[in-house]
Amino acid sequence: MGRINIWVKRAFIFVCVLTGIISTLLLAITLFGHGYFHQSKEIDKMLPGITVMYVLAAATLALSISGVYGACKEKKWAVILFSVGMSLASLYLFGACVKVYQAKHEMEELSRKEDLAMVPLSGAKQNDIEKMYYFQANLRCCGLVQGYQDWGTDIPLSCLCSDEDSTNFKCVARGNNTRCVIHYPNSDMSEDDDHKGLMDEHMLVYKEPCLPILISLVGYGISPMIGPLVALQALWDIGVALAITILCQMRRKVDVPPVIFTSQPPQYRELCDTAESV
């Protein structure tokens, strides 16, 4: 059996220990999440994912222990078990990364379609209009696609730029054929002049439409999941590469200098015989 390079061995053990720590944390988080959502109505839908997390965390923890044992005791079967198991786990994690990436685009497209269904905003449902008031006031935007023009001639108060906003956000002057009004969406009053309050015609409105911001928020909710998954897969791939390197070093034969035996008597006996004869 060949000798394992000490630096490769240490690096492999470090990766195995780090993998074990992460697996232990994943197992603890899964246990906590299972207990937290145990009484939830959505627990039946969450059980398949929780089961996968249990199996993945427990399997990688066991494989990391096997890798450390194989490296320390130089056991081929333990290192082979680690390399094969972690290769399968890495492939599964790669598939999960692809699914998460696809889900990100699908949710962004779904959000886009749902938001565009509200256009024109002047004829949108009352619930949709109230949502737009909330988005515009908190995201500092106006309209969905074409900015304030999506509201037609009556622009809601939530689109107006304050003096402070005008320095930090892009604000534009509204068109001459529009007016800024205060809508009371929860009011029982009819749509007349008492229902709307006219604002200063020189006020500015937010230039940016809300649709790109809303879509980016959907992506921001999923993107943080992709980074840790990719990093974890990279760690597992490094462990597999180091395991294969160790296996190759184990199989490498060590060159041992040949030992030659001879039947001739040692040279000092010959010298002693020569001295006696003299």
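Trainee: Which cysteine does Cys-141 join in a disulfide?
Mentor: Cys-141 is joined to Cys-210, with the two sulfurs 1.9 Å apart. Keep in mind that this is a predicted model.

Trainee: Okay, and where do those two sit along the chain?
Mentor: Cys-141 is in the loop between helix H4 (126-139) and strand S1 (154-156). Cys-210 is in the loop between strand S5 (204-206) and helix H6 (211-251). They are 69 residues apart, so the bond links distant parts of the chain.

Trainee: Which hand does the link of Cys-141 and Cys-210 have?
Mentor: Right-handed, with 100° about the S-S bond.

Trainee: Is Cys-141 buried or exposed?
Mentor: Buried: its relative accessible area is 0%. Cys-210 is buried too, at 0% relative accessibility.

Trainee: How many disulfides are there by this count?
Mentor: Two disulfides. Besides the link of Cys-141 and Cys-210, there is one between Cys-142 and Cys-159, with 2.1 Å from S to S.

Trainee: What's the angle about the S-S bond for Cys-142 and Cys-159?
Mentor: It's 90°, and that link is right-handed.

Trainee: And which parts does the pair of Cys-142 and Cys-159 tie together?
Mentor: Cys-142 lies in the loop between H4 and S1, while Cys-159 lies in the loop between S1 and helix H5 (165-168). The pair therefore ties together parts that are 17 residues apart in sequence.

Trainee: Why does Cys-142 count as buried?
Mentor: Because its relative accessibility is 0%, and buried means under 20%. Cys-159 counts as buried as well, again at 0%.

Trainee: What about Cys-16, what's the nearest cysteine sulfur there?
Mentor: That of Cys-72, 9.0 Å away, and Cys-16 is in no disulfide. A disulfide needs the sulfurs within 2.5 Å, so 9.0 Å doesn't qualify. Cys-72 is in no disulfide either.

Trainee: How accessible is Cys-16?
Mentor: Cys-16 is buried, with a relative accessible area of 1%. Cys-72, on the other hand, counts as partly exposed at 43%.

Trainee: Switching topic: which residues does UniProt list as "transmembrane region"?
Mentor: The unreviewed UniProt entry lists residues 12-37, 49-71, 77-98 and 229-248.

Trainee: What does the chain look like over residues 12-37?
Mentor: That span is 96% helix and 0% strand, and its end C-alpha atoms lie 37 Å apart.

Trainee: How about residues 229-248, how far apart are the end C-alpha atoms?
Mentor: They are 29 Å apart, and the chain there is 100% helix with 0% strand.

Trainee: Now charges. How many salt bridges does the structure hold?
Mentor: Two. Side chains of opposite charge can pair when their charged atoms come close. One of the bridges is between Glu-109 and Arg-112, at 3.8 Å from N to O.

Trainee: Where are Glu-109 and Arg-112?
Mentor: Both are in helix H3 (residues 76-116), three residues apart, so about one helical turn separates them. Glu-109 is partly exposed, at 36% relative accessible area, and Arg-112 is partly exposed at 35%.

Trainee: Which residue does Lys-131 form a salt bridge with?
Mentor: Asp-128, with the closest N and O atoms 3.9 Å apart. Lys-131 and Asp-128 lie in helix H4, three residues apart, about one turn of the helix.

Trainee: Is Asp-128 buried or exposed?
Mentor: Buried, with a relative accessible area of 18%. Its partner Lys-131 is partly exposed, at 44%.

Note on methods. Residues numbered from 1 in each chain as written. Predicted model: local features only at pLDDT ≥ 70, side-chain atom pairs only at ≥ 80, totals over all residues. Heavy atoms only, no water. Helix = DSSP H or I, 4+ residues; strand = E, 2+ residues; numbered from the N terminus. Buried < 20%, exposed > 50% of the residue type's maximum accessible area, 1.4 Å probe, protein only. UniProt positions renumbered as here; feature names shortened; annotations may be inferred. Salt bridge = Lys/Arg side-chain N within 4 Å of Asp/Glu carboxyl O.
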